[in-house]
Amino acid sequence: MAQAIRLASQGVYSTHPNPNVGCVIVAQGTIVGSGWHRRAGGPHAEIHALGEAGGKARNADVYLTLEPCSHHGRTPPCADALIDAGVRRVVVAMQDPNPLVAGRGLERLRAAGIDVETGIMQDQARAMNPGFVSRMQRGVPWVRVKLASSLDGRSAMASGESKWITGDAARRDVQRLRARSSAIVTGIGTVLADDPSMNVRLEAQQLKGVEPVRQPLRVVMDTKLAMPVQAKMLSLPGDTLLLTGGQDNGRRQALQQAGAEVVAIDGGQGRLEPEAALKLLADREINEVLLECGPTLAGAFLAAQLVDELVLYIAPHLMGDSARGLFHLPGLQQMRDRIALEWLDVRQVGDALRVTVRPRY
């Protein structure tokens, strides 16, 4: 199963909106077939592994990171393929959270007389697909916030200047976070200040992934449709979505002509509610969201308890107490109001520290 999970990890940059899945087929103690899901619409992991195993799959054991599908989607049911191949036993790390499957694949295998075991390395398998599981079970994507700061927790100078807080190695590392994300979300303030590209600037070989590199959906929270029609991201490959509460039809039309899609999700009084934005993205099969933004939007998502993971790149310099902080959280007045965090990972990336933490709501 550990080998199947390693195989599944190879699809992290390319399977959106599908989950990452790995499969290993073992006959008489020897691996005779293995595979992983490479791209949505292409063969699933089981089909790759069965193709490699050929006739050796009969009476073999199959190790799968996720329950085989039992419905016709972009491809035929993998449960049927395993049955037709005559496998003896199927060991599954976790049941599929997709309501279209949700145990039906396992039932079909058992009904065909195949031995089925579940729950082997389940936690590791779930960790491979945080966004897919979140979208299926909670109705919202997995939200990962990426921020860069000085050692004293500052994200920009008082003037707004922020290029560059971290070095080349940290910025390359961020490209990998972007590449695995289904969407990158920012606020209009960041667009007006920095005119960001919000795209993946690594080649497939640098990601050890599948050609071509998929560009995440670019999402801008733009309450009053202040997005410039000449914004850099509108001229780049990939799609840009503006979420707005603005009703200026002239601005809307101009931005649509410039290449943006504009959708209104007014939460009342001109506000854009983070949860409404996430539900809209989930409806579009967005699994993982990377939030790259300023302190106001980051604070709003955090205060709404919608952040699942924080990735902070901390550079070895000081920017002073007049510089801007990481989060705008005006409601925190006393020690008991603190937002507790759980350490997940700390490592050095170039001359910066990359700290990964999870809020403990």
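Here is a short chat about reading cysteines and one aspartate in a predicted model.

Biologist: Let's start with the cysteines. How many disulfides does a search of the whole structure find?

Modeller: The general idea is to look at sulfur pairs: a disulfide needs two cysteine sulfur atoms within 2.5 Å. In this predicted model, searching the whole structure turns up zero. Take Cys 23: the nearest cysteine sulfur belongs to Cys 78 and lies 8.8 Å away. For Cys 78, the nearest cysteine sulfur is that of Cys 69, 3.8 Å away. Cys 78 is in no disulfide because 3.8 Å is not within 2.5 Å.

Biologist: And is Cys 23 buried or exposed?

Modeller: For that, you check the relative accessible area, and under 20% is called buried. Cys 23 comes out at 0%, so it is buried. Cys 78 has 1%, so that residue counts as buried too.

Biologist: Now Asp 308. Where is its place?

Modeller: Asp 308 sits in a loop, with α12 (295-303) before it and β13 (309-315) after it. Its relative accessible area is 10%, so this aspartate is buried as well.

Biologist: What does the side chain of Asp 308 reach at 2.8 Å?

Modeller: Here you look for partner atoms, in side chains and in the backbone. The Asp 308 side chain reaches the backbone nitrogen of Val 143 at that distance, 2.8 Å. There's also a polar contact of 3.0 Å between the side chains of Asp 308 and Arg 138.

Biologist: Which residues is Asp 308 in contact with, leaving aside neighbours within four places in sequence?

Modeller: Arg 138 and Val 143 turn up again, along with Pro 141, Trp 142, Arg 358 and Pro 359.

Methods. Residues are numbered from 1 along each chain as its sequence is written. This is a predicted model: local features need pLDDT of at least 70, side-chain atom pairs count only at pLDDT 80 or more; totals for chains, interfaces and linings use all residues. Side-chain values use heavy atoms; hydrogens and water are left out. Buried means under 20% relative accessible area, exposed over 50%, partly exposed in between (1.4 Å probe, protein chains only). Helices (H or I, at least four residues) and strands (E, at least two) are DSSP runs, numbered from the N terminus. A polar contact is a pair of N or O atoms within 3.5 Å; within protein, one must be able to donate a hydrogen and the other to accept it, and residues adjacent in sequence count only if both atoms are side-chain atoms. Contact means heavy atoms within 4.5 Å.
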